[in-house]
Every structure is written in structure tokens, then in C-alpha cells.
Amino acid sequence: MPISAISARLRKNIVEKEHKGVCAALPGGAQCLAEVDLAAPVCRQVFDQQGATFVKNYPFDLRLASEALGFFADILHRQIEAIGEPRSKRNAGGLAAANHVEIFVANLGGDRLGVDRDRCGLEQDASGLARDALLFQHGFGHDDGGLGGGSSISLARAAGGVKPERKASHKIRIGATSGPYRSFVECVAYIRYRRQLRAAEREQRLSPRLALWRHRTSIRRQISRLNIRAISGYVAKEEAGMNQEAVASAAFANQTLPQFSIPAARSLQERPARVLKYGDTFALFDPNGDIIAMPGSPEGIFYQDTRHLSHLRLSICDMRPMLLSSTMRDDNAALICDLTNPDLYRSEDLVLEHDLVHLRRVKFVWKSATFERIAVRNFSERREHIALQIEFAADFTDLFEVRGSRRDRHGTFHPAQTKADAAKISYTGLDGLLRETRLRFAPRPKELDANRAIFDLDLMPQERAVIFIEIRCNTRPGGLAASNQFFASLRESRRALRRSASRATAIVTSNDVFNEGIRRTIADLYMLTTDLPEGPYPYAGIPWFSTVFGRDALITAMQTLWADPAITRGVLGHLAATQATAKDEKADAEPGKILHEARHGEMAALGEVPFRRYYGSVDATPLFVMLAGAYLERTADVSILRRLWPSVEAALRWIDVYGDRDRDGFVEYGRASEAGLINQGWKDSHDSIFHADGSLARGPIALVEVQGYVFAAKRAAASIARRLDLPERAVQLDRQAEELQRRFDAAFWDDALGTYVLALDGDKRPCRVRSSNAGHALFAGITLPERAESVVNGLMSSASYSGWGIRTIASSESHYNPMSYHNGSVWPHDNGLIALGFTRYGFRRQVMQVFKGLFEASNYIDLRRLPELFCGFSRMPTQGPTFYPVACSPHAWAATAPLALLQACMGLRFDPENRHVIFNRPVLPEFLGEVRLTGLAIADAKMDVELRRTGTDVVVNVLSRQGDISATSTS
């Protein structure tokens, strides 16, 4: 039954009867569901009908209840759409979805809220509901936070107390408090607990002597026990910039989330994606190797910020294959999915038992194309006739629209063109550009139309058939046949990855688990790195940030400089080439400012988002100068710095002229237009900069870490100037740095906090907040030596260190939320830079503690791949970290954080003029007994070095040398 039919039935049986007045009693109750397209007609009327009874039975605040149900309706909408499959000719999935909606209405309404099921017009056929629920269970499989499998719905309750029919081959588990109803209850509980916590924190601030910490701890413990995955959509909405009351108010007012935030209607943790990338093309598949894009889902094949393929689904005899395994190669060169057939029926007769047909899918991306090879082998003892179907579609959605932006108008979709073995789907955007997706199949399908290809395979026992698929974005196929093109492209892509990775120092340790993580670090780094005209450039992260970002690439380059200076050379070259030369308020551009973000999609070209070439970051410019100085210190490559010097000087002029907006000697930010980012440091959420009382800071804002970056930039520029025979300029820059350090300490140090404040607002009022930003002052070297121990102790206190890493905001602060994007989460790159700061001031024990926490966190993460961030909940025995719902993974600066941590432990420094490597007081954490570095290079000389821990000491041995190079260790 289609969704529209359910909607019509409910309207007839509920709204048009005696319950028309219920909606008036619930102001805004239905309106909060206005954004839920398919589910709204169903859930809105169910909510209006049953809301009064709900509030009567559950004494929650009405806004709270309607808000939670709005979130829950979103879950319902996504999963209905996921299995409805309007392009499929089968009705089983749609029927299962329809009956599942009826089960939900009965479960939530008829039994939980005391409403007679007959009034809802629901079928009483228990066996039919059971069968369709089983179809749903096997066709789609979310248990947590959705309308999942058999354990997610109490079918006995759903059928009005009648026990469902049970078949011998299936077991239906009854769970009265699981699945969607549990998600809804936990969402309500989360809102209530968070309100209680904030009330307690406000009371504590008003009456500091009251001992409320036990009460706050108790509430936090209750929150930590909730099923975070089940409520991740709500949690991320709160993170996106609203407190509990504001979320409800915004829902009633039909407002949108803060600009450019990433709505978390669906957690990326629910269906772990498999990621492939080369250049400006990346692809996200589900573990089966399919693309089933849902609202809030980034699955698809993207080229230059446009989704060129939004649907790709493989089925065998009209059923989805069962997953055996889904594996990325260690070098990220290919995705390998092993699948098999489920039980296949004709009418009610079993015609093929499960696990008799094996399917292996091998997929990879090369240049602007995605290639796939499907090998099908018959392991049954008889000849089998197998129908293989591949469905496909392209929506040409802009990445920002996939992220959640709304568009009123779109371009023109052209009729699909097909021939015997190929199909072309095309779209002309409002920007006038034609975008094409071309698919080519080999061998020729039996049937091919605008959205599917069908292959008839007739296989003898042990016989195998192979199918090749080629998907090109805006390019035409080459001259080779599809099968030959697959192997030729695979060979080229692997060679390119090997060439890139071979530049880096190889790392092997005594810990095999850590070795797996380091291999993934190197693989992710070079997969994310794109060869631009100026050299290799690491794109920020997949799926949301696979493009040029200034800040991200600069920090990634800093973390990898010791192992591969070529990346730094490419980053500096490209950012110098794109440095702003004129003022442009729409792009937040000013002469000398370094690029923040560049985009190539339709929305950027039309100005619907300001990121075509956008300069709204306050820290990229001083980081650029810092990195230039670090590159010179690592390589002594004066020729490169001589070419970069005009860009360095332009950046320094921006710092002094445009960066210091009020001429107080500090660099501040404030957006030039309403379209720009509100906050322009690395914590750029709209609520990330605030005062101790929770009020948001007003600009222009001077961030603590930015002043540190400026200090380090002046020092770095002075060093460059001396090497370029500009002694007067060097002396001037050194004096500016010394003066900044003095004024910084006076303005930012807070004795009561025992650390630096987060920022100064536009009135020069300090934001007295304990944050990880203060650790960047250690990294930059602006911290006075006598302050360092206090800063370190604060960062490693239980309020800031979660056990997995240092939180962005201490748990004692007003906006602390361990599930937020910037106000209590843990970011690996943040910890990596802070660890380098610890080493600078001699706190090596703390470096090892941070390294150990992140390493142990990675052991719980798929592929041992550190994500962009994870939640900041305190570490609990026998449990791993809590994941953030929409974190990018892989993410360049997160992937390379282990390299920064390893450098911090080794105390690694370079004297390139003398071809000398220095290990300054090296230490190794307890999980590393030995570390071997192969190919550690200065210019054209290389050596292999081994570090071995003996008790509390670390011994450094040079194993081999190529050229004039040496190493020493200090203690």
C-alpha cells in the first residue's frame, strides 16, 4: 500500500471524524512535523489525534513531547523511503513499509496511548502483519534507533494482543520497549536530563558554594546510559547550535538550523560507509557495495561537489544479496564485497537455497570514473539460471543540498539515452553547465533502460561469469573495451598510490595493532591527497569536505612535514597561488588573506553558498606563515622560500592591517557579510565561543590560539628573513613577536582558571572558559615557561581529559555537551597539536598519556581509522568511545594525528644544513616497545633508524644510511 493511501485512510478515519478539534488543543504540535515530507501526512494526523491522551498518560512538557515525536517521525520517514523503492517493480518492500507504518501506529497509538485501534482503520490480520514485518526485517536491518528487524516491534501488541503467526524457519522476537518506541522514549529522556543538568549548572553559578556537583554527576550518568545511537539525530540537532528550548521553539516556528551546519537527521554510524577517492571524485557505498541514498545520507558518486550517481543497487533474482564481508584494501586502492544469495522462492516453493551463489564485487575510483567487476560463481550441484539486476539513478544534487541546504529551484533533467551496452543521464544546472553520468556494461545486458540493467546468467556447477561496470562523470569512455579498461585503470591507480606513499617515511613498530592503524593513516593521507598544479594537496575529509580547505591542509601538512615534506610544498604553493589580492565582502576576502575553502558545485557557482572561493577563516593566514617557516627548518630549501616570500609578506600585512580590526595588537575576526561564517576559528560552530555564563561572545573576537599562531608566524618569518639576507626585517619581526607575547599574557591569562581564557570579545571582555584552545598556545610557543605547567595540568584534569583524549571544552563549562561538535567532543588533530606543545615545554609523560588514549580509542573504530571527532563522554571500563553521528571519516588532520603524536614522543627535530636528525629526549608509550623509521630523509640522503624502549629510557640506533646524514639522541 503506498504511503499516500495510508495518509488518505488515516485522514478519513481520524481527521474527518470526531477529532477535528484535537489539533487546536496542541498549538504547533503538527507544525513541528512540517519538514517531514513522506511521513508527515501519517504522523501529523496520528499526533493530532492522540496528543491529548499522550500528554495525559505521560506528564512531559507538551513542547518536549511534540519535539521528540517530530524527531521520531524523521526516523520513520527515512526508513519508509529506504525500503519503498519506487523504481523497483516489486511491491513487497513497499507493502512491508506500509504495514510497518500501521504496526507503528498501533504500537504507539492503540496500545501505548489508549486509543482504540479500530478508530485508526488498521487491519486486524495478525499473520499478515507478521509476514510483512519479516519482509521488512530481511529487506532492511536497523535495530538501533529505527524501525528495524523483528526485535524492534512488539508484534503481539501491534496486532491488538493476537499472537502473530510463526513459521518454522523464522523466529519473531517480542520486545515491548525496543526499536522505535524506545528511541522516542530515550529522546524524551535525553531532553529532560539535559534541562535538569543545565538548571543545576545555572544554580551552581548563581550560588557557587552549593555542593551541586553530585547532582550534576548523577544527571550526566543518566545521560550516558541512554542509547546515544538511537537518539543521535536529536543530539546532533542540539549540537548544531540550539539548546533544548531553542530546538523546540525553532521546530514550532518552522525555522532552519544555523547556516551551513550539517543536519544530523541520520547518523552515519548506522550504515558504515565504504569510501573511495581519487582527485576530485569520491564515492561512498554501503557495505554491500550499493548506493541507497536516503535523506541526510551522503551515499553516492560525487564529482566536483555534485552527486553524479545517487542510486546503485544489485539484486539477484529480485532479492538483495546477503553480505558475507566488506573490506577495504590496506592501501585504499579498492573495495571488495563478498555476497551470497538468500533463500530464493518461486511462489511458495524454495528454488535456490542460500549460500550457493557467490558474488564478489571489486570497486575502485580512478580519475573521474568508478569501475566495478562483479564475479558470479555457482557452487550448487546443478545448473542454475540466475537473473542479475543492477538499478541506477542520478539526481545531480549539489553537495550542500545533500548536507541539508534547501533549494527552491533546480536545473533541467534531460531524458536518459541508452544503447545496447551504455546509458547516459544528464542535467543542465542553473549555472548553465551540462553534467553527465555515463554507464557502460560488459557483456551486453539482456535488457537496459533508463534506470536498470538485467543480465541472464546460466551457470553450470562451479562455473563463473564476470560483469564489468564503468561509471564516468563528465567524461567519455576511452578506446578500450570495458573489461580491458577496468584492468588498465586498476593498474594505473595502484601505481599512483604506491608512488605517492613511497615518498613518506615508513613506520613499523613492535605493536601489530598500531601498525595496522599507521598503515591506514598513510593510506588515508594519500587517498585524500589530490595532485594540483602546485603539488600534492590533502583535501579535508569525506563526505562533506572533499575539497581544498586552507586551515585543514595547513595543519595536515604540519603533522606530516617530518615524514613527507612534499605535501607541505604543495600546500604552500597552492595557497600562495590562491591568496586574496583584493577586498571582496561576499567572500570575506582581503589582500593577503589565505583561502579558507573552494567549491566547484552549482550552488557555489550561483552564489547560493559563499564558498566558490571563500576566505572566512582567521587562522589560515598566520598558519600559512608558520608552515613556511617550519618547511625551511625541515628542508633548508631556500629557493622555495624565496619564491614564497612575497606571499609571506602579504600574509604579514594582512595580520597587521586587516587582522587587527581595532588596532589593539591582537588579531580578531568578524564576517563582512551576513552570508559568511559567524565564527571563523577552527571551532566554527555558531555557539562555540561563549562566556562563562553561557552567553555567546559578540565580535570582533580575538581567539587565544590565533594570537599564538601570529606569534609563531612572526618568529617563523623572522627566521625566513634571516635566511634571505633581510636582517632588518628579521629584527623587526622578532620585536613584534616579543611585544605580542607580553601583551598576550597580560590579556589572556586568568589566575582563577589557571589557564588562558578562550577569547576576548568585541568589548575586550575575556571569555573565562576552560578549553583545548589554550593547548594551542603551547604548540605555538607563546606560553611563558612559568605558565606551562598550570596549562598542562588543566588540560589533563578529569574535566578536560576524557580518558580517550582532551575535550574541546571542559566538563565544568556552561555549554559543555560531550555530543556537540565543538563544545565537549574530542578531536584527534586537536590532541596531536597539543601533544606537540607538551613536548615543546618538556611534558613528555602527558604526551604518552594522550597518545595512549587515542590509540586505544582507535582499537574500537572500524578500520582503525580515527574519525574527524568523537563524543567526549568519560571513558568507562570495558567500553569504547561514543561516536559522533556525522563525523567525516576519513579526515585528513584526524588521520595524520598519530604522526604528530609519534613525532611528539620522539622529540624529532631536523638540522638540514648539517644533514642531521635530532631525537630530543625521546620517550615511547607503554604499547610501543620499538619503532623503526625507514627512509627518514633530508634532501637526497636517507637513513633507517630504530628506537627501542629500555625501562624508562629510549635508545636510538641508526641501522643504515644512504648519503651524508646522521642522527643523535639527547637525554
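User: Is Cys-905 buried or exposed, and what is its relative accessible area?

Analyst: In this predicted model, a residue counts as buried when its relative accessible area is under 20%. Cys-905 falls below that cut-off and is therefore buried, with a relative accessible area of 0%.

User: Is Cys-888 buried or exposed?

Analyst: The relative accessibility of Cys-888 is 0%. Since the limit for a buried residue is under 20%, Cys-888 counts as buried.

User: How many disulfides does the count come to?

Analyst: A disulfide is a covalent bond between the sulfur atoms of two cysteines. In the model, a pair of cysteine sulfur atoms must lie within 2.5 Å to be counted. By this rule the number of disulfides is 0.

User: How many helices and strands does the chain have, and what percentage of its residues count as buried?

Analyst: The chain has 26 helices and 35 strands. It is made up of 971 residues, and the part of them that counts as buried is 61%.

User: What is the order of the strands in the open sheet of 8 strands?

Analyst: Strands of a sheet pair through backbone hydrogen bonds, either parallel or antiparallel. In this open sheet of 8 strands the pairing is antiparallel. The order of the strands is 7-8-11-12-19-16-15-14.

User: Which strands stand at the edges of this sheet, and why is one side of each left without a neighbour?

Analyst: Each edge strand has a single partner strand, so one of its sides has no neighbour in the sheet. The strands in this position are strand 7 (322–328) and strand 14 (412–418).

User: By what angle are neighbouring strands of this sheet turned against each other on average, and which helix packs on the sheet?

Analyst: With direction ignored, the average turn between neighbouring strands is 15°. The helix that packs on the sheet touches strand 11 (357–366), strand 12 (369–378), strand 16 and strand 19 (464–473). Its direction makes about 60° with that of strand 11, and it is helix 12 (residues 482–501).

User: Which residue of strand 16 is the bridge partner of Thr-428?

Analyst: Strand 15 (residues 422–428) and strand 16 (residues 434–442) run antiparallel and are joined by 7 bridges. In strand 16, the partner of Thr-428 is Leu-434.

User: Which residue is joined to Pro-443 by a cis peptide bond?

Analyst: Pro-443 is found in the loop between strand 16 and strand 17 (447–448). Omega of the cis peptide bond is about 0°, and the residue joined to Pro-443 is Ala-442.

User: At what angle do helix 18 and helix 20 pack?

Analyst: Helix 18 (residues 638–659) and helix 20 (residues 727–748) have their axes 14 Å apart, and helix 18 passes helix 20 in a left-handed crossing. Residues making the contact include Trp-645 and Leu-652 of helix 18 and Leu-733 of helix 20. The residues of this contact divide into 3 nonpolar, 1 polar and 3 charged. The packing angle is about 35°.

User: Is Thr-878 buried or exposed?

Analyst: Thr-878 is found in the loop between helix 24 and helix 25, and its phi is near 65°, a positive value in a residue other than glycine. Its relative accessible area is 80%. Because the limit for an exposed residue is over 50%, Thr-878 counts as exposed.

Note on methods. Residues numbered from 1 in each chain as written. Predicted model: local features only at pLDDT ≥ 70, side-chain atom pairs only at ≥ 80, totals over all residues. Heavy atoms only, no water. Pairing = 2+ DSSP bridges. Helix = DSSP H or I, 4+ residues; strand = E, 2+ residues; numbered from the N terminus. Axes fitted to C-alpha atoms, helices over the stretch in contact; angles between N-to-C directions. Contact = heavy atoms within 4.5 Å. Buried < 20%, exposed > 50% of the residue type's maximum accessible area, 1.4 Å probe, protein only. Left-handed = near helix turned anticlockwise from the far one by under 90°. Nonpolar A, V, L, I, M, F, W, Y, C, P; charged D, E, K, R; others polar.
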